[in-house]
Amino acid sequence: MGNLSPIAFDIETSGLEPGSVITVAGLTTDMGSWLALNTTGRETDAGRLATDVEHESGSNVRVSVYQSEQRLLAGLEDFATSVIDGDRHYLTAYNGERWRGGFDLPFLRRACVRQDAPWPFPDVAYSDTMDMVEGFDTGDASDLVGVYDDLIGGDDCDPFDDSASAVTTHENGNWVPLLCHNLADTQRTRELAVLAGRYIPKSGFKMKNLSPPDA
């Protein structure tokens with residue numbers, strides 16, 4: 001919006017019950033995507049995964065592999081600090097955090113508390129893509145895939161019909177489909193934010209700063 005370029009964020013988790021952890025955290029910029037995979041102690045090769053995901057998606061992708069949620073959070077902080085410039089970027093997610101709800105950012109905060117990890121997005125503006133697209137007529141569609149298909153459409157690399165498949169795929173260690181699903185969601189989110197930047201008034205972005213006052 002304006003002089004700020006959107007960076008799309010999305011997570012996958014091992015479930016919704018207490019004790020569930022982040023299994024993938026993805027960020028998509030105008031230059032490409034970064035995917036952080038938590039294998040929960042299992043071994044895999046990041047370079048090979050990146051090659052396979054790039055082959056499936058046709059996108060510029062970097063993959064980082066961590067064996068725990070704690071290490072993933074540290075990697076997310078390092079990447080966000082090095083890539084996100086508060087004067088040039090804003091963070092966005094689809095239903096990531098809204099006035100009375102959202103998923104990705106509240107879950108991320110709980111993970112940071114559980115792992116005693118610092119907040120990875122200080123001094124970063126945030127606007128939820130779901131709020132932006134309310135300015136478009138999308139019929140009965142309100143979910144990310146439905147809204148994206150209605151407004152933009154086209155091919156994507158998502159192998160899943162819904163996000164529930166991400167839980168069992170992680171349990172089975174089937175990393176490439178899991179990463180492709182997360183990648184597809186961040187790409188959809190960013191494309192919708194870019195579209196909103198062309199048509200939605202600034203008031204529709206409901207921009208806020210993610211920096212905690214005591215951080």
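This passage describes the charged pairs, the nonpolar cores and some notable loop residues of a predicted model.

The charged side chains make a good starting point. Side chains of opposite charge can pair when their charged atoms come close. In this model there are nine salt bridges. One of them joins lysine 208 to glutamate 97, with 2.7 Å between nitrogen and oxygen. The two partners come from distant parts of the chain, 111 residues apart: lysine 208 belongs to strand E7 (residues 208–209), while glutamate 97 sits in the loop between strand E5 (89–92) and helix H3 (104–115). Their surroundings can be described as well. Lysine 208 is partly exposed, because its relative accessibility is 34%, whereas glutamate 97 has a relative accessible area of 12% and is therefore buried.

Arginine 188 offers a second group of pairs. Its side chain forms a salt bridge with that of aspartate 156, at 3.2 Å from N to O. Aspartate 156 is in the loop between helix H5 (144–151) and helix H6 (165–171), and arginine 188 is in helix H7 (residues 175–199), so this bridge ties together parts of the chain that lie 32 residues apart in sequence. Aspartate 156 is partly exposed at 39% relative accessibility, but arginine 188 is buried, with a relative accessible area of 3%. Arginine 188 also meets the side chain of aspartate 185 in a salt bridge of 2.7 Å, N to O. Here the partners share a helix: aspartate 185 and arginine 188 are three residues apart in H7, so about one helical turn separates them. An α-helix has 3.6 residues a turn, so residues three or four places apart point the same way. Aspartate 185 is itself buried, at 7% relative accessible area. Together with Asp158, the residues Asp156, Asp185 and Arg188 are linked in a network of salt bridges.

Helix H7, the home of two members of this network, is worth a look as a whole. The helix has 25 residues and reaches 37 Å from its first C-alpha to its last, close to the expected 36 Å. H7 is also mostly covered, with 19 of its 25 residues buried.

Attention now turns to the nonpolar residues. In soluble globular proteins, nonpolar side chains tend to be buried together. The largest nonpolar core of the model comprises 28 residues, and those with the most contacts inside it are Phe9, Ile22, Leu27, Leu73, Leu91, Leu108 and Phe121. At least two residues of this core come from each of strand E1 (5–13), strand E2 (22–28), strand E3 (33–38), helix H2 (69–83) and H3. Leucine 73 illustrates the contacts: beyond residues up to four places away in sequence, leucine 73 touches Ile22, Leu108, Ala111, Cys112, Gln115 and Ala117. Another core lies apart from the largest one and has 18 residues, including Val24, Cys157, Leu178 and Ala184.

Glutamate 77 is found in helix H2. With a relative accessibility of 26%, glutamate 77 counts as partly exposed. Leaving out residues up to four places away in sequence, glutamate 77 touches Pro118 and Pro120. Its C-alpha atom is 16 Å from that of arginine 62, a residue 15 places away along the chain.

What is the nearest side chain of opposite charge to aspartate 128, a buried residue with no salt bridge? That side chain is arginine 98, 4.6 Å away, and the cut-off for a salt bridge is 4 Å, so the pair is not counted as one. Aspartate 128 is located in the loop between strand E6 (125–126) and helix H4 (129–132). Its side chain instead has backbone partners: the nitrogen of glycine 96 at 2.7 Å and the nitrogen of glutamate 97 at 2.8 Å. Setting aside neighbours within four places in sequence, aspartate 128 contacts Thr92, Ala93, Tyr94, Asn95, Gly96, Glu97, Arg98 and Phe205.

Asparagine 95, one of those contacts, brings the backbone into view. Most residues other than glycine have a negative phi, and most peptide bonds are trans. Asparagine 95, however, has a positive phi, near 60 degrees. This residue lies in the loop between E5 and H3 and is partly exposed, at 28% relative accessibility. Lysine 206 also has a positive phi, near 45 degrees, and is placed in the loop between H7 and E7.

Terms used. Residues are numbered from 1 along each chain as its sequence is written. This is a predicted model: local features need pLDDT of at least 70, side-chain atom pairs count only at pLDDT 80 or more; totals for chains, interfaces and linings use all residues. Side-chain values use heavy atoms; hydrogens and water are left out. Helices (H or I, at least four residues) and strands (E, at least two) are DSSP runs, numbered from the N terminus. Buried means under 20% relative accessible area, exposed over 50%, partly exposed in between (1.4 Å probe, protein chains only). A nonpolar core is a set of buried Ala, Val, Leu, Ile, Met, Phe, Trp, Tyr and Cys residues joined through side-chain atoms within 4.5 Å. Contact means heavy atoms within 4.5 Å. Lys and Arg count as positive and Asp and Glu as negative; His and the chain ends are not counted. A polar contact is a pair of N or O atoms within 3.5 Å; within protein, one must be able to donate a hydrogen and the other to accept it, and residues adjacent in sequence count only if both atoms are side-chain atoms. The expected span of a helix is 1.5 Å times one less than its number of residues.
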